[in-house]
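This report considers how the chains of one assembly meet and which charged side chains pair within and between them. Please consult the sequence and the structure alongside the text.

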Amino acid sequence: MDLMAQISWSHRAGEGGIWTMMLVGFFIGMALMFVISRAPTRARRPIVGAFTFLSGLFYVMLYLWPTPKSKGQFDIPQGPVESVGFFLQDTVPVVKDFASILTAFLLGLGVFSLLRIHLSRIFKGHKDRFFSATLLVSMVLMMIVGYAQWYQREFTAAAKTTDYGNPDNWTGAMQAFDFLFDGLLQQMDAAMFSIIAFFILSAAYRAFRIRSVEATIMLGTALILMLSLMGLVDYLSTTAVASLGGDQNVLQNFTLKSVSDWIKNNLQSPSLRAMEFGVGLGALAMGLRLWLNLERGGVGG
Amino acid sequence: MDGYTKLKLAAGVLATVGLYSVLYRENKFYRFVEHVFLGLAAGFTVFAVWAETLKVQWWDKMTGSQGEAGSPGTPGFWAYILLLPIGLMGYMVFSKKHNWMSRIPIGVILGFWSGQQIQIFWNKWGPQLNDSMKPIIPTNWSLFRPDMSQMTPEAAAVVQNDIYLSQAINNLIFTFTILAVLSYFFFSFDLKSKFMQTMNKSGRWLLMVGLGAIFGSTVMARFALVIDRMFFIFVEFLQRALFA
Amino acid sequence: MSLAQRLSSINSQFLYLALIVVTTIFLFPQIKIPNKPDQAAIDLYVAVSQIPADKPLLIQSDWTNSSRGESSGQFEALMRILMRRGQKFVLYSVGDPQAPQVARNVIAIINKERVDAGQQPYLPLRDYVDVGFLPNAEGVGQAMKANIRRAFGDKTNRGADGQERTIWSTPWLAQSKSVKDFGMLINITASSTIDVLIERLGGEVPLGLLCTGVIGPQMIPFYNGKQLVGLSIGLKGVYDLEWMMEHGVRGAQTREVAGPDEVVSANHPDIKIPKLEGKNLDRGSKYYLSLHAALALMIICVILGNLTLIGARLKGRKA
């Protein structure tokens, strides 16, 4: 513990020392990775389990340990319990950073996988090599243009004096990025997801049939809900009910909107609440099993 | 509208039409546009992960920053470098011998997730359970709540606090629905009790009401996307840019 | 060939074409469709309108163009409301790396609209701050609860003077030390990022939601459970917001009536929110008639589909 206390975890920026410490840290990390890679087969599950358990333990402690309320920046903890409470609360943003950084590193895994598949298709002369090349060219182009415009916006001398919010001041890279991102990627993103609507329409025409009690209930509710989304139909139903005369305080309960609201609040809401509650209980159980490494076939293997 | 904006819109329209061409049948133009889309999305992710995340949350914190004009700046926390080897372990998934190591970073992230479950369960479901406890015995036996728009605020408050018969019936339906659907989920094995069989069947039927509502709402969502595409092609491009 | 057989042999491509045609044709007529906003949308609008001007908001923008038909209209309406009220806000995203750029594009469009109308544009640092993308929604939510300043870190924005400064240097964020110091957290999303917020920040700050129709029904129990102060669902939700901006909202017992289209809120007996000056009706109004047509087509298709089933059954009985 003394050794840990003597290590300085930070260093002044811009000096050679910080780079040395980073290099040392990197080699220590790689050495640890090498040691872990030599672990015998029977130790692998406990190693992965230990990493998982320790990561989860932090948040469990955060929940169970008394945490200080309204802690000020310069408050000093009184006693060991409060010290741990202070430590836990101060560490939350750091742990968040760890998770974000690891997630970001792992995002690269998908890209790496994409590269492997498509490069191998190109070099092996696969019949779809033209499409693979198209994908890689688009990807590289977006990366180059993205980084180029970002560098110009953030780090060049002109960036300090130029309002790049105004398109008139854009450089070539900025315009190219706008074209690729806003002109192509965003439009394709919207188009790709909208295609599902066509398939839903066709599927509903062919398969949404009143073959059973369940299907009939589902279809009936869906029709009422869809009609209630149409302001014009709702207006007509309200007008029709109003024209009936009589006790409007009672009759207004039978307009399309009132009926659909009643379904939403008294049938749909509790049924979905119960369904989600079941899912929530499942997630809690799964969380505990993962954390305690009890899940067969989980991350522990 | 300047030439560049028109060109940008035309490219977007061409890409949209290319993707929609699959509705007629699978074709090469669709596959070309599809691969451009995937490439651009992957390229943007690579760019954004560094520019929006790793640079700010990892690199800058690790290297620190020098202050400008006499400000002290922030020190660099060099130990952040240790996350790099942990992250690199994820890439061992491609190694036949050491692919088990790729579970370590995933285990860390799942550990963070699982550790939070105890706390979040109550945060999320505590208020839901509380709201599900509804009074089912009326305090006023009139069927409907009277019109309050012409009442004084004091009188309206009294009426507001009363449980009318219709409200009590609604609450009973609400409570029954929750119990029936829960019973359907929890007792999914073969049941002997007639009462439980009826509860389960009611639960399944009531669940269909919820799913019907989801269907209706999802249809609205998907149609909105098509409408937006048509607006883009016919109004933003053709009407406002090309034939303005 | 019988009618039932003819109906069941309709090509899918014919249905696709029908959907394209009806959605396109009904984009052009300029008809003001009558509307009764949902109570959940009214509650959201009232809650946003009642936040004190000196309390900044947190805007978690997690949508991308994959839900542009709904989310962009919601985000545009929200930006117009906040900008006209002069409400300061912190903009960030956790859902998708593309989300910050999409939100920035919308802000640029609304700013252009403001400049054209002779108003001041909304500028980074002076009027809002842009934190950008923070991956790992769960960790971010947890960190925001513990210490919002450290959760967002030393993110910098470039001000109108071209100087790069940390977001926390803005005077209007000086008093915001915890998430409780913000007037509301509004999430614009097409995914489950709102669940993460409810789980981690529920009870810490009022939560508002602008979501797509896909996740909307699952969010109603959270609105009913008062974990969300209000919510706007999908394209109907966009039209609801625009309608309230255009016509104003009053409480059920407010005597002063602005007009026949003014929205009456059952949950707020004595409020009075006047209409907002400027462009209110936009994407929601433009798309709503087409939505009618598309939904009508869907209903007709479902009915026709079932008629073929009934027809086939009757024929089977006769045979």
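Which residues are linked in a network of salt bridges? The network consists of Asp228(B), Arg229(B), Glu236(B), Arg68(C), Glu76(C) and Arg283(C). The model is a predicted one, and every value below is computed from it.

## The salt-bridge network of chains B and C

One link in this network is the salt bridge between Arg68(C) and Asp228(B), with N and O 2.8 Å apart. Arg68(C) belongs to helix H4 (residues 68–85) of chain C and Asp228(B) to helix H7 (residues 194–242) of chain B, so this pair joins two chains. Both partners are buried: Arg68(C) has a relative accessibility of 10%, and Asp228(B) has one of 1%.

Arg283(C) and Glu76(C) also meet through their side chains in a salt bridge, at 3.1 Å from N to O. This pair links distant parts of the chain, since Arg283(C) lies in helix H11 of chain C and Glu76(C) in helix H4 of chain C, 207 residues apart. Arg283(C) counts as buried at 11% relative accessibility, and Glu76(C) is likewise buried, with a relative accessible area of 6%.

## Salt bridges elsewhere

Over all chains, a search of the whole structure finds 39 salt bridges. Among them is the pair Asp130(C) and Arg104(C), whose closest N and O atoms are 2.5 Å apart. Asp130(C) is in strand E3 (residues 128–133) of chain C and Arg104(C) is in helix H5 of chain C, so the pair ties together parts that are 26 residues apart in sequence. The two partners are unlike in accessibility: Asp130(C) is buried, with a relative accessible area of 10%, whereas Arg104(C) is partly exposed at 25%.

## The interface of chains A and B

Contacts between these two chains involve 133 residues of chain A and 128 residues of chain B. The area buried between chain A and chain B is about 12,200 Å², and carbon and sulfur atoms give 80% of this. On the chain A side, Phe105(A), Phe131(A) and Arg273(A) lose the most area to chain B, together accounting for 6% of what that side buries.

Six salt bridges are counted between chain A and chain B. One of these joins Lys8(B) to Asp182(A), with the closest N and O atoms 3.0 Å apart. In addition, 20 residue pairs are in polar contact across the interface, both residues being at pLDDT 80 or more. Several helices of chain A each supply at least two residues to the side that touches chain B, including H4 (79–123), H6 (172–207) and H10 (256–291). H6(A) provides the largest share, 26 residues. By residue class, this side of chain A divides into 85 nonpolar, 37 polar and 11 charged residues.

## The interface of chains C and A

Here 59 residues of chain C are in contact with 57 residues of chain A. The area buried between the two chains is about 5,200 Å², of which carbon and sulfur atoms give 62%.

Two salt bridges are found across the interface of chain C and chain A. Asp38(C) forms a salt bridge with Lys257(A), and the closest N and O atoms of this pair are 2.7 Å apart. Polar contacts between chain C and chain A number 22 residue pairs, with both residues at pLDDT 80 or more. Among the helices that each supply at least two residues to the side of chain C touching chain A are H2 (12–25), H5 (99–116) and H11 (283–318). H11(C) gives the most, with 16 residues. The residues on this side of chain C comprise 29 nonpolar, 21 polar and nine charged.

## Local environments in chain C

His247(C) lies in helix H10 (residues 234–247) of chain C and is buried, with a relative accessible area of 15%. Its side chain makes a polar contact with that of Lys32(C) at 3.4 Å. Beyond residues up to four places away in sequence, His247(C) touches Lys32(C), Asp261(C), Glu262(C) and Lys275(C).

Thr156(C) is placed in strand E4 (residues 156–158) of chain C and is partly exposed, with a relative accessible area of 31%. Leaving aside neighbours within four places in sequence, Thr156(C) is in contact with Glu164(C), Arg165(C), Thr166(C) and Ile167(C). The side chains of Thr156(C) and Glu164(C) make a polar contact at 2.6 Å.

## Cysteines

The structure holds zero disulfides over all chains. Cys211(C) is buried at 0% relative accessibility, and Cys301(C) is buried with a relative accessible area of 4%.

Technical notes. Residues numbered from 1 in each chain as written. Chains lettered and ligands numbered in written order. Predicted model: local features only at pLDDT ≥ 70, side-chain atom pairs only at ≥ 80, totals over all residues. Heavy atoms only, no water. Contact = heavy atoms within 4.5 Å. Buried area = accessible area lost by both parts, 1.4 Å probe. Salt bridge = Lys/Arg side-chain N within 4 Å of Asp/Glu carboxyl O. Polar contact = N/O pair within 3.5 Å; in protein donor to acceptor, adjacent residues only side chain to side chain. Helix = DSSP H or I, 4+ residues; strand = E, 2+ residues; numbered from the N terminus. Nonpolar A, V, L, I, M, F, W, Y, C, P; charged D, E, K, R; others polar. Buried < 20%, exposed > 50% of the residue type's maximum accessible area, 1.4 Å probe, protein only. Disulfide = S-S within 2.5 Å.
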